[in-house]
Amino acid sequence: MVSMNFDDPPQPGGDPENEETPTPEIPEVVSVLPLRNVVVYPSMVIPVTVSQPRSLKLIEDASNGDRVIGVVTLLKSDDQDPRPHSVYQVGVVAQILRLMRAPDGNIHILIQGLDRVVFSDWVAEEPYMRARVSMKPEILPHPDDIQLEALRENMVQQFQRLVSLMSYMPDELAGSVAKTKEYRKLAYLVASSIRMDLPVAQEVLEMDAVSEKLHRLTEIINHELEVVELGRKIQSEAKTEMDKAQREYFLRQQLKAIQKELGEENEGQVKTEEFREKINASGMPEEARQEALRELSRMERIPEASAEYGVILTYLDWVTSLPWQETTTDRLDIEHARKILDEDHYSLDKVKERILEYLAVRQLKQQRRDEFEAEEREDDYLRKQREGVILCFVGPPGLGKTSLGQSIARALGRKFYRISLGGIRDEAEIRGHRRTYIGALPGRFIQALRRVQTKNPVIMLDEVDKVGSDWRGDPSSALLEVLDPEQNREFRDHYLDVPFDLSQVMFIATANLLETIPGPLRDRLEVLELSGYTDDEKRNIAQKYLLPRQARENGLRQGEIALTDDAVLQVIRDYTREAGVRSLERQMGTICRKVAVKVAKKDFEDPTIDQKGLRGLLGKPRFSYDVAERTEIPGVATGLAVTAVGGDILFVEATRMPGKKGLSVTGQLGDVMKESVEAAVSYVRGKAEELGIDKDFFEKTDIHVHIPAGATPKDGPSAGVTLVTAITSLLTGRPVSKDVGMTGEMTLRGQVLPVGGIKDKVLAAHRAGLKCVILPKRNEKDMEDIPESVRDEVTFVLADNISQVLEKALGVSVKHS
């Protein structure tokens with residue numbers, strides 16, 4: 001058995017770049033020396049004291065031979081009788097560099113690790129352990145790996161910082177590490193120089209890839225630096241706080257003495273009386289009042305220097321600053337509300353109608369309440385009335401969902417506050433933190449009420465479909481209590497720990513996708529879906545709202561800029577592609593800035609911009625519709641889809657090649673669309689003879705189906721019709737009509753099934769210039785939502801079965817069965 005003085009770090013053995021020791025030949029079987037509390041690495045030089053008889057015998061025999069031994073670490077440092085099962089299986093082959101016998105019978109040796117080995121077969125245990133070794137070389141990185149070079153530079157810098165902070169590490173060590181260029185030597189030099197727990201040190205030795213070793217060592221160095229720097233910071237802060245506390249104590253004692261001599265009242269008593277007056281005047285419920293007084297009583301008995309005093313002071317400040325009874329008077333004027341909604345938003349008639357219905361109900365309730373109060377009687381019918389439903393606007397970005405909430409607040413005469421829920425993962429953001437935590441605060445709803453100073457504002461919950469969840473809780477579940485009219489009358493924030501009435505708050509939620517909202521939360525919302533705008537609607541919005549606003553923001557006066565309707569339509573079609581109008585407003589802003597430059601230079605003539613002058617302001621068109629070019633060859637069909645940013649067209653491409661029953665699907669498709677591809681191929685194979693296709697075509701053909709834009713995930717049950725059309729077009733050699741788009745799912749028997757998002761899909765087809773859209777027959781009822789201007793320009797084919805689709809798209813006839 002050997003021992004090592006762990007207070008002295010292992011030595012690198014000089015400059016690893018310049019000092020080379022001749023490497024002896026490594027025998028197949030070596031004598032194994034077990035070490036305690038240390039892991040030896042290749043190139044590492046370490047002094048060892050040998051004291052046990054078995055180990056002394058091993059060193060004597062090795063010194064008379066080639067001086068090559070195996071070195072391995074014990075699993076348990078207190079093991080007094082090492083055997084093969086009590087040591088790690090990975091170690092190093094080492095060379096004895098020096099040997100010195102001590103008067104007490106011990107032998108002091110200096111060994112250097114050579115190479116990493118695995119002790120694969122133990123051949124002897126007496127008089128000492130011997131094992132057959134197999135080499136375990138490391139996986140070296142590519143010398144031109146830029147990332148690894150950056151990692152090396154970072155590790156060297158961090159190591160040098162560690163050397164400067166640790167007294168037991170010599171300054172020369174930092175220089176040695178900085179000079180070492182070879183990644184393997186660098187890893188082992190650093191590993192042998194820093195303190196690590198034994199299992200971690202062995203883990204570094206057993207890692208095969210040098211890059212992994214460097215990553216792990218960087219983590220260890222960073223952790224060690226954090227510990228050292230935190231310890232120094234704590235020590236410094238403790239001394240500072242102690243000095244500060246002593247100073248404050250003497251000053252407070254002097255202040256008390258001065259106040260006593262002057263007969264002035266205690267400052268703490270002044271604060272207590274102020275809070276007592278605020279509590280009594282706030283109109284808070286009895287439970288909240290009792291809790292506030294109890295905390296006030298505790299604060300009176302606690303010294304001001306105590307940390308608990310500050311916690312109670314902050315709590316009382318929150319409780320007394322909330323609007324327990326403050327409300328704004330609603331302006332329940334339907335015509336006034338209609339005027340404001342029309343001023344702020346173009347189109348969106350169904351949404352406006354639902355908002356006016358809500359206001360009408362509020363107006364009737366208020367009239368009934370006034371009638372009963374005038375007669376000085378109560379009625380259960382009025383007492384049980386709730387605030388009403390919670391509206392949720394769902395649609396693509398840029399449609400004006402958030403501004404609709406602002407318009408509602410303006411029409412009602414209420415305060416407006418917006419809470420963005422996107423990315424929230426902590427339940428405490430909704431319910432607040434408990435006061436036991438340092439820096440605790442109420443949740444966002446209580447904070448919102450304190451800011452608006454009224455208990456009946458309009459609160460908009462933006463991006464409710466993007467609420468996350470993790471180990472800190474599920475915020476969407478916490479929202480259930482907030483948005484439930486039966487529960488939010490006594491909403492209990494964790495920080496306040498007293499009930500607060502949220503029933504008079506008007507909540508409005510917004511989302512881009514309905515599917516990502518959890519079911520229980522979606523059940524509490526009345527969903528109003530907003531589809532994309534038509535080109536004509538966008539033109540009106542641009543002329544009436546966007547262009548005047550951008551002109552004002554860019555310093556232009558009325559008469560200094562104007563766009564023709566054709567120019568606006570060209571901006572919509574050639575420079576933007578969206579369901580909403582955000583990009584359109586940015587383009588209007590670009591035009592206004594260009595014009596502002598001309599006005600500032602006095603290089604300004606005609607303020608009216610037409611299509612000819614547009615390109616000089618916006619540059620070349622950003623978008624073009626290439627449906628005709630894409631579908632002029634067989635095997636390409638135009639499908640319609642709904643995304644988070646509205647409707648869009650997508651091309652389904654199919655090709656064939658010699659093979660045998662191969663089917664490839666690419667384009668980052670989900671499981672549902674992959675199954676639709678298989679169903680489409682099966683349908684075409686079943687109808688091969690009717691379609692004029694060799695019935696055995698699949699025996700000698702491979703088919704590849706691809707949907708471009710592979711970086712975008714795609715999934716959903718509405719591409720079956722398009723897939724069948726594309727595959728049939730490929731195998732029959734007939735191109736799909738260039739102005740036809742389609743959507744719908746299908747069964748193996750050829751029946752076309754209804755799908756969702758019809759309005760968004762038709763608007764996307766219209767934007768792309770398609771003249772014919774094939775829809776499932778059972779979606780006929782959804783056509784009522786499509787604007788009349790679009791219905792006049794697009795021909796609709798309502799299909800019950802796939803034969804009707806193929807007849808329109810390809811001109812082929814298939815018997816439906």
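Contact here means heavy atoms within 4.5 Å, and the structure to which this is applied is a predicted model.

**Exercise 1. Enclosure of helix 16**

Determine how many of the residues of helix 16 (residues 475-483) are buried, and identify which elements these buried residues pack against.

Solution. Begin with the cut-off, by which a residue is buried when its relative accessible area is under 20%. Applied along helix 16, this criterion selects Pro475, Ser476, Ala478, Leu479, Leu480, Glu481, Val482 and Leu483. Because eight of the nine residues of the helix are thus buried, helix 16 is largely enclosed by the rest of the structure. The next step is to ask what surrounds these residues, and the helical partners are helix 14 (428-431), helix 15 (444-452) and helix 17 (519-522), while the strands they pack against are strand 10 (458-462), strand 11 (491-492) and strand 13 (506-511).

**Exercise 2. A salt bridge between two of these partners**

Find which residue forms a salt bridge with Glu429, and state how exposed each member of the pair is.

Solution. The partner is Arg444, with the closest N and O atoms 3.0 Å apart. The pair links distant parts of the chain, since Glu429 belongs to helix 14 and Arg444 to helix 15, 15 residues apart. As for exposure, Glu429 counts as partly exposed at 29% relative accessibility, and Arg444 likewise counts as partly exposed, at 27%.

**Exercise 3. The partners of Arg83**

Establish which acidic side chains form salt bridges with Arg83, and decide whether Arg83 is buried or exposed.

Solution. First, the side chains of Asp81 and Arg83 meet in a salt bridge with an N to O distance of 3.3 Å. Second, Glu125 also forms a salt bridge with Arg83, its closest N and O atoms being 3.3 Å apart. This second pair links distant parts of the chain, with Glu125 in the loop between strand 6 (107-124) and strand 7 (130-135) and Arg83 in the loop between strand 4 (68-73) and strand 5 (90-101), 42 residues apart. Finally, Arg83 has a relative accessible area of 17% and is therefore buried, whereas Asp81 is partly exposed at 42% and Glu125 is partly exposed at 36%.

**Exercise 4. A charged surface patch**

Identify which residues form a negative surface patch, and locate Asp606 within the chain.

Solution. The patch is formed by Asp603, Glu605, Asp606 and Asp610. Of these, Asp606 lies in the loop between helix 20 (582-600) and strand 16 (608-609). Exposed means over 50% relative accessible area, so Asp606, at 56% relative accessibility, counts as exposed.

Methods:
Residues numbered from 1 in each chain as written. Predicted model: local features only at pLDDT ≥ 70, side-chain atom pairs only at ≥ 80, totals over all residues. Heavy atoms only, no water. Patch = residues over 30% accessible without salt bridge, like charges linked within 9 Å, V, L, I, M, F, W, Y side chains within 5 Å. Areas by Shrake-Rupley, 256 points an atom, 1.4 Å probe, with all protein chains shown as cover. Salt bridge = Lys/Arg side-chain N within 4 Å of Asp/Glu carboxyl O. Lys, Arg positive; Asp, Glu negative; His and termini not counted. Charge placed at Lys NZ, Arg CZ, Asp CG, Glu CD. Helix = DSSP H or I, 4+ residues; strand = E, 2+ residues; numbered from the N terminus. Buried < 20%, exposed > 50% of the residue type's maximum accessible area, 1.4 Å probe, protein only.
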